[in-house]
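Biologist: Please give me a close look at a single part of this model, and show me how that part sits in its surroundings.

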Protein chains: 2
Amino acid sequence: MLGNFSYCNATKLYFGQDSLNYLGEELKKYGKNVQLIYGGGSIKKNGIFDAVVDILKKNGKNIIEDGGVMPNPTVEKLYEGVKIARENNVDLLLAVGGGSCCDYAKAVSVSIHCDDDPWQKYFVRFEEPTCKIVPVGCVLTMVGTGSEMNGGSVITNHKEKLKVGHAFGEDAMPKFSILNPTFTYSLPERQMVSGIYDIFSHICEQYFSGNDDNTSDYIAEALMKSLIHSSLIAKRNPQNYEARSNIMWTATWALNTLIAKGKTTDWMVHMLGQAVGAYTDATHGMTLAAVSLPYYRHIMPYGLHKFVRFAKEVWGVNPDGKTDKAIADEGLLKLENWMNSLGLVLRISELGATEDMIEGIADATFILDGGYKVLSKDEVIQILKESM
Amino acid sequence: MLGNFSYCNATKLYFGQDSLNYLGEELKKYGKNVQLIYGGGSIKKNGIFDAVVDILKKNGKNIIEDGGVMPNPTVEKLYEGVKIARENNVDLLLAVGGGSCCDYAKAVSVSIHCDDDPWQKYFVRFEEPTCKIVPVGCVLTMVGTGSEMNGGSVITNHKEKLKVGHAFGEDAMPKFSILNPTFTYSLPERQMVSGIYDIFSHICEQYFSGNDDNTSDYIAEALMKSLIHSSLIAKRNPQNYEARSNIMWTATWALNTLIAKGKTTDWMVHMLGQAVGAYTDATHGMTLAAVSLPYYRHIMPYGLHKFVRFAKEVWGVNPDGKTDKAIADEGLLKLENWMNSLGLVLRISELGATEDMIEGIADATFILDGGYKVLSKDEVIQILKESM
């Protein structure tokens with residue numbers, strides 16, 4: 001562990017098949033007006049919406065519905081959510097859905113009492129909230145983003161072709177999250193595997209950086225190994241509770257700040273993927289999958305020792321008699337095989353990206369400097385072309 | 001992950017060489033009267049005491065000194081601490097020391113406003129606090145117990161020859177803990193390695209249980225691997241910051257409830273070790289070390305698959321052409337070699353235990369049922385004899 005850091009994550013998690021039973025207990029801590037945030041309406045079909053509404057009513061809450069949160073929540077939707085919250089003087093934002101709903105709820109929560117324009121303040125100038133933050137709770141129905149136990153929020157601005165994430169501090173983290181693995185059973189396979197790769201990518205972004213010996217990297221390897229193991233079981237049998245529950249728990253711990261503690265982090269796959277997403281509106285996890293292998297093959301020479309370790313520790317590559325490069329290559333090949341066996345999209349062209357978009361996507365890619373290589377724009381373009 | 005559980009741990013951690021700089025910021029959140037808890041006075045020699053007192057004074061606090069906390073805090077000391085706290089109407093209990101000071105502070109914190117006898121209520125009847133809990137903060141100077149980020153507290157009753165732990169809930173966890181790895185540099189080697197084994201044992205207690213596939217076990221393996229790696233570096237060079245910081249961080253995450261989530265746990269090494277401790281007053285980590293190998297060799301046949309996994313994943317045992325028992329044996333042999341290279345005590349006779357104590361130690365051993373084998377009293381006696 002290098003450097004100085006602080007850690008605090010007070011989100012209360014209720015995990016398991018009976019976890020929704022604890023929603024009522026949590027609701028008692030907050031006022032009457034609850035903004036009920038959800039997405040496209042699938043939760044109305046699978047009974048989760050009715051179950052939540054029932055608990056809200058039993059606890060005497062006024063329900064202010066705020067549905068239609070899109071997979072990539074837009075800045076226009078954010079303004080709408082803030083307006084709803086202000087008009088109804090809401091006491092709690094309850095997100096029932098996946099990371100999109102939870103991200104959106106957090107963005108609204110820090111904007112309700114903010115006099116400034118939230119897009120400008122949080123997603124352009126990256127300032128911290130200075131106003132009162134309305135509490136957020138979450139009932140998770142899709143796994144991947146880790147939004148249920150962190151301060152992260154990603155908002156898309158289609159006019160400016162930008163998809164930008166802000167990691168808010170501990171005060172903006174959900175006060176509670178309800179994690180019921182069975183709520184994720186009805187998700188289509190494409191969304192399940194997309195979420196699985198999102199989790200994997202979160203871990204990689206924090207793992208592929210730094211030259212020190214760091215407990216965080218060992219924990220990252222553990223999460224990757226558990227995720228890989230359970231993902232293959234869930235692919236064959238989506239209703240395997242053990243596998244789905246391990247995936248859900250791994251997702252939460254992959255991105256609640258723990259495995260980034262005491263180390264530098266990369267996040268360039270997300271920068272590339274989010275730029276692709278801003279142009280194509282493609283599923284987040286798929287954009288990450290499609291740029292990952294070209295990106296990692298590109299940076300491998302600059303962080304070879306970590307790619308060797310990744311191959312040995314995560315993929316069980318036998319290093320005997322092999323060069324470091326051969327070991328590292330074998331690790332990335334095993335990663336590619338796993339991605340193929342999950343059925344992930346490995347080309348951005350299949351996600352709607354066209355040759356003429358590449359220059360624009362490269363311009364929309366934020367260049368970060370925490371990884372093994374600070375990319376030039378030419379390198380970004382090269383990686384995007386190799387991702388086509 | 002099996003079953004239902006909740007997770008909440010709101011302790012704020014400040015980690016690193018400059019972490020004491022944040023004490024002042026935390027102190028501002030609490031009232032004027034601070035009970036300053038410490039042990040035998042070593043912190044008065046290494047300058048930590050003066051540094052803390054200086055920060056307390058700068059923040060206008062009344063300091064109520066409560067020193068002399070012994071390695072195994074006694075029930076008499078607990079009564080004394082409660083009396084001091086009541087007489088001085090304390091607003092914060094600040095433990096500066098190792099797990100003993102922090103355990104003691106937590107026991108005091110739940111007893112100040114408790115009308116009942118705290119030994120009877122918490123350590124005999126294992127009831128939860130129903131009174132107001134006075135906040136606890138911690139400046140850690142010794143690593144091992146994980147007390148800095150959990151609700152655990154172990155109190156010894158010499159008259160009744162009992163050393164009993166109670167894991168209080170999230171409300172009794174420290175509000176903040178300051179973790180500066182350099183504060184552990186001056187610790188004698190015997191205490192350092194004793195703490196290292198305490199950490200390792202905490203992980204094993206949560207690992208050697210259950211037959212499911214569980215993310216928690218993968219994280220446990222990661223913590224063990226990081227700890228083993230760093231322990232050997234710290235043994236050679238106690239002032240290696242990287243190693244000492246990884247050990248410190250591993251200790252915290254080994255026992256803050258995370259790696260027990262969704263699974264059963266064992267804790268019999270602690271039950272045996274604590275009973276030995278109640279009879280000998282020996283250092284906690286050494287009592288655990290001295291009973292571990294006989295205990296694990298005894299239960300290995302009942303949880304063979306986990307011991308095979310332990311050998312392969314934690315110790316890198318090559319399984320090719322070997323029986324499961326041979327693989328598991330090799331894992332325990334590697335554990336024994338590591339314990340020897342740290343210089344741990346592997347016999348309770350070297351800790352002051354005598355043949356005529358064995359019956360009494362066995363009687364003082366709580367039998368728990370979460371591990372691979374529920375021990376009979378005869379088995380406890382057999383393990384203790386093999387530990388002599």
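Modeller: Let's take chain A, whose domain assignment gives domain 1 (12-183) and domain 2 (189-386); such bounds come from an automatic or database domain assignment. The centres of domain 1 and domain 2 of chain A, taken over C-alpha atoms, are 27 Å apart. Where they touch, 18 residues of domain 1 of chain A and 26 residues of domain 2 of chain A take part in the contact (two residues are in contact if their C-beta atoms, placed from the backbone, lie within 7 Å). On the domain 1 side, strand 1 and strand 7 (162-167) of chain A each supply at least two residues (strands are DSSP runs of E with at least two residues, helices runs of H or I with at least four, both numbered from the N terminus).

A word on the ground rules. This is a predicted model, in which local features need pLDDT of at least 70 and side-chain atom pairs count only at pLDDT 80 or more, while totals for chains, interfaces and linings use all residues. Residues are numbered from 1 along each chain as its sequence is written, with chains lettered from A and ligands numbered from 1 in the order in which they are written.

Now for chain A as a whole. Its secondary structure comes to 15 helices and 8 strands, and its C-alpha atoms fill a box of roughly 70 × 45 × 40 Å along the principal axes. Of the 388 residues in chain A, 57% are buried (that is, 20 or more other C-beta atoms lie within 10 Å of a residue's own; 12 or fewer makes it exposed, anything between partly exposed, with C-beta atoms placed from the backbone). If you take the contacts in chain A between residues at least 6 apart in sequence, 79% of them join residues at least 24 apart.

The part I'd zoom in on is strand 4 (residues 92-97) of chain A, where 6 of the 6 residues are buried. Both of its faces are covered: A:L92, A:L94 and A:V96 are buried on one side, and A:L93, A:A95 and A:G97 are buried on the other. What does strand 4 of chain A pair with? One partner is strand 2 (residues 33-37) of chain A, which pairs with strand 4 in the parallel sense over 4 bridges (strands pair if DSSP finds at least two bridges between them). Look for A:L36 there, which has A:L94 as its bridge partner in strand 4 of chain A. Another partner is strand 5 (residues 136-140) of chain A, again in the parallel sense, this time over 5 bridges. Here A:V96 has A:V139 as its bridge partner in strand 5 of chain A.

Over in domain 2, try helix 12 (residues 304-315) of chain A. Its buried residues are A:F307, A:V308, A:F310, A:A311 and A:V314. They pack against helix 8 (215-236) and helix 13 (324-342) of chain A. Just after helix 12 of chain A comes A:G316, with a positive phi of about 65°.

Next, the neighbour. Chain B puts 34 residues in contact with 33 residues of chain A. On the chain B side, the elements giving two or more residues are strand 1 (5-15), helix 8 (215-236) and helix 9 (241-254) of chain B. Strand 1 (residues 5-15) of chain A joins strand 1 of chain B through 7 bridges, and the two run antiparallel. To find the spot on screen, start from A:Y7, whose bridge partner in strand 1 of chain B is B:L13.

A few places in chain B are worth a click as well. Strand 6 (residues 152-157) and strand 7 (residues 162-167) of chain B run antiparallel and are joined by 6 bridges, with B:G152 partnered by B:A167 in strand 7. They make a hairpin with 4 residues in between, and B:K161 in the turn has a positive phi of about 50°. Helix 10 of chain B is largely enclosed by the rest of the structure, because 13 of its 13 residues are buried. B:D281, which follows helix 10 of chain B, has a positive phi near 60°. For contrast, look at B:K58, found in helix 3 (residues 48-58) of chain B: B:K58 counts as exposed because it has 11 C-beta neighbours inside 10 Å. B:K58 and B:G24 are 34 residues apart in sequence, but their C-alpha atoms are 8.1 Å apart in space.

Terms used. The expected span of a helix is 1.5 Å times one less than its number of residues.
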